[in-house]
Amino acid sequence: MPGVMTLEGMIQSALLLIDELYSRGKVTGSLEKVDRLKFKKPVVPGDRVEFQVQLISQENYLHRFKGKALVEGATAAEADFTLKASIREVGFEL
Amino acid sequence: MMESRDIQKLLPHRYPFLLIDRIIEIEPGKKGVGLKNLTGNEWFFQGHSFYPPNLLLESLAQVGGVVLASKAREENPQATVQGLFVGVSDFTFRRCPAQGEQVRLKVEVIQSLASIYKFSTEAFVEEEKIAGGQLLLSFVRTS
């Protein structure tokens with residue numbers, strides 16, 4: 001699996017977490033910044049990857065995360081990244 | 001200038017994951033400028049209309065790979081090379097490139113230590129800078 005795809009996995013896990021923070025289904029996130037991304041081990045077919053993300057800080061709509069991709073307990077990739085959440089206004093609230 | 005065919009001689013990447021179309025400027029082992037054209041029918045546009053930021057990282061890394069591999073091939077045309085994307089630091093995205101845009105990918109080696117190369121990279125659409133930061137590549141050659 002290409003290394004950047006493990007980053008995408010971490011981002012999508014973090015997006016789910018942001019989704020839980022706000023009312024569901026109304027928020028979208030975009031990637032703002034990536035720092036300290038390290039690909040430590042290649043992920044090969046047959047591996048099961050576990051993504052762990054932790055919210056470090058939150059300022060306005062900027063959310064900083066620390067993420068890890070684990071294969072059988074060993075770190076395959078890790079990164080610090082910032083996601084910007086934007087609230088989507090869809091339809092009317094009744 | 002290098003066409004897609006020349007890039008494929010230097011990189012192992014092929015269709016779904018060869019994320020650069022052309023190299024317009026290159027100084028082997030030092031710096032290079034690549035192009036990525038975003039056509040609407042590419043696989044990553046299924047479901048949304050923006051170029052995913054993580055793929056932008058990958059295309060910058062591939063330009064870096066071409067810069068290093070062309071240096072190795074210049075010294076020894078038979079050299080087998082192996083590059084690996086090892087990390088990213090301090091990379092900021094201003095916006096994501098959209099369908100139909102042409103992304104210019106600029107990379108420059110700023111530091112090297114043993115087999116690890118640090119690149120300063122920037123991505124532009126026209127004259128607008130859309131992203132920039134530092135990438136780390138590991139590069140080994142066996143002649």
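I'm counting two strands as paired if DSSP finds at least two bridges between them. Note to self: this is a predicted model.

**Across the chains.** I looked up β1(A) and strand β3(B), residues 80-93, and found them pairing in the antiparallel sense over 4 bridges. I also checked what L37(A) faces, and V88(B) in β3(B) stands opposite.

**The contact side.** I get 14 residues of chain A in contact with 16 residues of chain B. On chain A, α1 (3-21) and β1 (27-39) each supply at least two residues of the side that touches chain B. The largest share there comes from β1(A), with 9 residues. By class I logged 7 nonpolar, 1 polar and 6 charged residues on that side of chain A.

**The sheet.** I traced the order as β2(A)-β3(A)-β4(A)-β1(A)-β3(B)-β6(B)-β5(B)-β4(B)-β2(B)-β1(B), an open sheet of 10 strands with antiparallel pairing. The edges are β2 (49-59) of chain A and β1 (22-27) of chain B, each paired on one side only. From one strand to the next, I have the twist averaging 25°.

Within chain B, I followed β2 (residues 31-37) to β4 (residues 102-113): they run antiparallel and 7 bridges join them. In that pair, L35(B) stands opposite R104(B).

**The helices.** I have α1(A) lying across β1, β2, β3 (62-71) and β4 (74-87) of chain A together with β3 of chain B, at about 45° to β4(A). Then I checked α2(B), residues 53-75, which packs on the sheet and touches β1 of chain A together with β1, β2, β3, β4, β5 (116-125) and β6 (128-142) of chain B. Its direction makes about 45° with that of β6(B).

Notes. Residues are numbered from 1 along each chain as its sequence is written. Chains are lettered from A and ligands numbered from 1 in the order in which they are written. This is a predicted model: local features need pLDDT of at least 70, side-chain atom pairs count only at pLDDT 80 or more; totals for chains, interfaces and linings use all residues. Two residues are in contact if their C-beta atoms, placed from the backbone, lie within 7 Å. Ala, Val, Leu, Ile, Met, Phe, Trp, Tyr, Cys and Pro count as nonpolar, Asp, Glu, Lys and Arg as charged, and the others, Gly among them, as polar. Axes are lines fitted to C-alpha atoms, for helices over the stretch in contact, and angles run from 0 to 180 degrees between N-to-C directions.
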